[in-house]
Amino acid sequence: MISSSDFRTGLTLEIDNGVWQIVDFQHVKPGKGAAFVRTKIKNVQTGAVVERTFNPNEKLPAAHLETNQMQFLYESDGMYTFMDNETFEQTELSKEQLGDALNFLKENMDISLQTFKGKIIGISLPNSVVLEVVECEPSVKGDTATGATKMAKVETGYEVRVPLFVNENDKLRIDTRTGNYIERA
């Protein structure tokens, strides 16, 4: 059990039969009334973020997530196959289980598979990935004012807003947390 006065960013808890991760927290001591802990928590399974307050003496059970290093092998009939890097066991996940991670998933990419009580709850990608541009509008000289951008489609089918100097076959570094262009690789 973890006391709410011991909260820290990244801590995972079991709340209302779900797994929640603390995104942000603040200990508040108002001039009048009792102190409390204001938190922003994220549901690990759905990605929903909510704000919630706790009494400083409230205790919650810690959620023990197991993380396995896996490698993405291939996609077949809407199922995505991953291999455990240590045991070489293979696991299949559906599009629904992967969610937005599909925008950045490439063959042979290493990811972290998270499980809670033997049930797969999600995957964690590296913070950035390098993807090749397969489709991009040509830029016209003199089009720029300041910070002009255009849309580019990368090899996974994801569309990202990029600067005008990016062309087809360029390799881009993209932030997997926000989906934004970082730089040419």
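**Exercise 1. Arginine 52 and its partner**

Work out how exposed arginine 52 is in this predicted model, and which residue it meets in a salt bridge.

*Solution.* Start with the accessible area: arginine 52 has a relative value of 30%, so it counts as partly exposed. Next, look for an acidic partner. Aspartate 16 forms a salt bridge with arginine 52, and their closest N and O atoms are 3.4 Å apart. Now place the two residues. Because aspartate 16 sits in the loop between β2 and β3 while arginine 52 belongs to strand β5, the pair ties together parts 36 residues apart in sequence. Finally, check the partner: aspartate 16 has 66% relative accessibility and is therefore exposed.

**Exercise 2. Two further salt bridges**

Find how many salt bridges the whole structure holds, then describe the pair of glutamate 14 and lysine 117 and the pair of lysine 106 and glutamate 155.

*Solution.* A search of the whole structure gives 7 salt bridges. Take glutamate 14 and lysine 117: their closest N and O atoms lie 3.6 Å apart. This pair links distant parts of the chain, with glutamate 14 in strand β2 (residues 12–15) and lysine 117 in the loop between β10 and β11, 103 residues apart. Glutamate 14 is partly exposed at 24% relative accessible area, whereas lysine 117 is exposed at 67%.

Move on to lysine 106 and glutamate 155, whose side chains meet at 4.0 Å, N to O. Lysine 106 is in the loop between α1 and β10 and glutamate 155 in the loop between β13 and β14, so this pair ties together parts 49 residues apart in sequence. Both ends can be checked against the 20% and 50% cut-offs: lysine 106 is partly exposed at 28%, and glutamate 155 is partly exposed at 40%.

**Exercise 3. Strand β4 and its neighbours**

Identify the strands that pair with β4, and sort its residues by face.

*Solution.* Begin with β3, which pairs with β4 in the antiparallel sense over 8 bridges. Here isoleucine 22 stands opposite isoleucine 41 in β4. Then turn to β5 (residues 49–54), which runs antiparallel to β4 and is joined to it by 6 bridges. In this pairing, lysine 42 stands opposite valine 49. The hairpin of β4 and β5 has 5 residues between the strands, and glycine 47 takes a positive phi near 85° there.

For the faces, recall that side chains alternate between the two faces of the sheet in a regular strand. In β4, the covered face holds Val37, Thr39, Ile41 and Asn43, while the uncovered face holds Phe36, Arg38, Lys40 and Lys42.

**Exercise 4. The pairings of β12**

Which strands pair with β12, and over how many bridges?

*Solution.* One is β15 (residues 171–175), antiparallel to β12 (residues 128–136) and joined to it by 5 bridges; serine 128 stands opposite aspartate 175. Another is β13 (residues 149–154), which pairs with β12 in the antiparallel sense over 3 bridges; valine 133 faces valine 154 in that pairing.

**Exercise 5. The largest pocket**

Describe the volume and lining of the largest pocket.

*Solution.* First, the volume is about 990 Å³. Second, count the lining: 32 residues, with Lys42, Val44, Ala101, Ile123 and Ser124 nearest the centre. Third, trace the elements that give two or more residues to this lining: β3, β4, α1 and β11. Of the elements, β11 gives the most, with 5 residues. Last, sort the lining by character, which yields 12 nonpolar, 16 polar and 4 charged residues.

Terms used
Residues are numbered from 1 along each chain as its sequence is written. This is a predicted model: local features need pLDDT of at least 70, side-chain atom pairs count only at pLDDT 80 or more; totals for chains, interfaces and linings use all residues. Side-chain values use heavy atoms; hydrogens and water are left out. On a 1 Å grid over the protein atoms alone, a cavity is a set of points where a 1.4 Å probe fits but cannot get out, and a pocket is an open set with protein on both sides within 12 Å along at least five of seven lines; lining residues have an atom within 4 Å of a point. Grid points are joined across faces, edges and corners, and a volume is the space filled by probe spheres set on the points. Helices (H or I, at least four residues) and strands (E, at least two) are DSSP runs, numbered from the N terminus. Ala, Val, Leu, Ile, Met, Phe, Trp, Tyr, Cys and Pro count as nonpolar, Asp, Glu, Lys and Arg as charged, and the others, Gly among them, as polar. Buried means under 20% relative accessible area, exposed over 50%, partly exposed in between (1.4 Å probe, protein chains only). Two strands pair if DSSP finds at least two bridges between them.
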